[in-house]
Amino acid sequence: MASLTTAGTIGLYIDFAPRASSRTRVSADTPTTQEQASQRRSAWMAAAQDGDRRAYERVLADSVGLIRAVARRQGVAVDALDDVVQETLLTVHRVRHTYDPARPYDAWLAAIATRRAIDYLRSHGRHDAREIHDPLAVELHPDADDAAGETERAQEAARLRRAVAELPPGQREAIEQLGLQEHSLAEAAERTGRNTGALKVNLHRALKTLRQRLHGGS
Amino acid sequence: MSDPASIDSLIKSLGAQAAPVRRLLSPGRRAAGWAVVVAAIAAYLLWRYGLGGMMERWERAPDVACSALAAFATCIAAGWAAFALAVPGSSRAWMLVPLPSLLVWLGSSGWGCMRYWLTPDSAPLSVPSADCLVFIVALSVPLSILLIVLLRRAFPLHPVRAAAMIGLASASASAGLLGIFHPIDASASDLAMHVVAVLLVIGVNAAMGGRLLQPR
């Protein structure tokens, strides 16, 4: 339900938006335009706090550029910017009650975006540090080129082939089409002439049978 | 890896959850609430121990009165700073807000200490100093917990700063309240005990409160 405040702020953004876009003679970077954009975002966020969905979507969409700029300044790589944007938007959603409409929205948002960018860099710094050791771990892994391991894998594959061959025709067809050849349900239905429901049932039964034969489970 | 389409769909999804929210009260109003809590405890202590003893001590040693009032002022200023620091985008300069009253508090306590040294014949107001430490620490615990609970609804991006302010607010409140019924000695040992108690409360708050207030 729109309160008086919400109605007022809706009026504000309806009024502001066309003016900002129609000012062709003024550069988008001029302080006046920036100030107007900031005021507009503040008004939208205030309306969003009152439950105005349209204002909320607008302020979030309008925040994306600012979040990217903050993340870039913190040193986040270009291909990771969207991750920081998403994390920041989720945080904004969770803590939107902390925004004070009397204060600038951009400063509030920039502080959250900075924090999320730093969190991202920290977590990925740790992740990258672990990744450095991975090739070494693979190289030193005792089973990597182990002849006994290879023989075991070959035996398992032969057992699986035999178990598939012993399946009833409908189940074998389903597992070959959907499991081994990785066709989609629609493709498999077209190739086998069966409907998708029957294929799904056959696949389920085939997997159950294979599980029982290979592992002896239920 | 994300893409613009997923950001658009996230915005749509968040927009669908745009329920009205109860705005956080301004730091000033929350600090006023904190002042009311401290005033209520002070009123209880005055009712319990009376005003006479405290006024007599204040008349005999005005620096004690100055120190007590500065402690209360520090408690309010530090509480206000903690509430302000818990809001994203607030300036770190808020940490300086309690500084003037803190300096007056420490200065007047130190002056009392010097007076005692310069005029050793002045009547000592001595009591075991360990009482101060126990009282300040013991009362600071519930006050700190109260402030942490109040701050958890906010979103302190620098939780250790906010928690240190909580420690200062609760320790100074406890020290000020102590003066209502406790004949504070102006000796160096008593002053040292106060400083130790306040630093202990600030340190514990910064270490533990910082974790409790960590942004989710």
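**Entry 1: where the chains meet**

I looked up the contact between chain A and chain B, and I found that it takes 30 residues from chain A and 24 residues from chain B, two residues being in contact if their C-beta atoms, placed from the backbone, lie within 7 Å. On the side of chain A that touches chain B, α2 (31–49), α3 (53–74), α4 (81–94) and α5 (105–140) of chain A each supply at least two residues; helices here are DSSP runs of H or I with at least four residues, strands are runs of E with at least two, and both are numbered from the N terminus. I sorted that side of chain A by class and noted 13 nonpolar, 6 polar and 11 charged residues, where Ala, Val, Leu, Ile, Met, Phe, Trp, Tyr, Cys and Pro count as nonpolar, Asp, Glu, Lys and Arg as charged, and the others, Gly among them, as polar.

I keep in mind that this is a predicted model, in which local features need pLDDT of at least 70 and side-chain atom pairs count only at pLDDT 80 or more, while totals for chains, interfaces and linings use all residues. Residues are numbered from 1 along each chain as its sequence is written, and chains are lettered from A and ligands numbered from 1 in the order in which they are written.

**Entry 2: a helix pair in chain B**

I then turned to helix α4 (residues 62–85) and helix α7 (residues 159–181) of chain B, whose axes come within 7 Å and cross at roughly 155°; axes are lines fitted to C-alpha atoms, for helices over the stretch in contact, and angles run from 0 to 180 degrees between N-to-C directions. That angle makes α4(B) roughly antiparallel to α7(B), a term for angles over 145 degrees. Among the residues that meet are B:Phe72 and B:Leu85 in α4(B), and B:Arg161 and B:Met165 in α7(B). By class, I noted 16 nonpolar, 5 polar and 1 charged residues in this contact of α4(B) with α7(B).

**Entry 3: chain B overall**

I recorded 8 helices and 0 strands for chain B, and its pattern along the sequence reads α-α-α-α-α-α-α-α. Buried residues make up 43% of the 216 residues in chain B, a residue being buried if 20 or more other C-beta atoms, placed from the backbone, lie within 10 Å of its own. I also noted that, of the contacts in chain B with a separation of 6 or more, 88% are between residues 24 or more positions apart.

Conventions:
Parallel < 35°, antiparallel > 145°, perpendicular 65-115°, else oblique. Buried ≥ 20, exposed ≤ 12 C-beta atoms within 10 Å, placed from the backbone.
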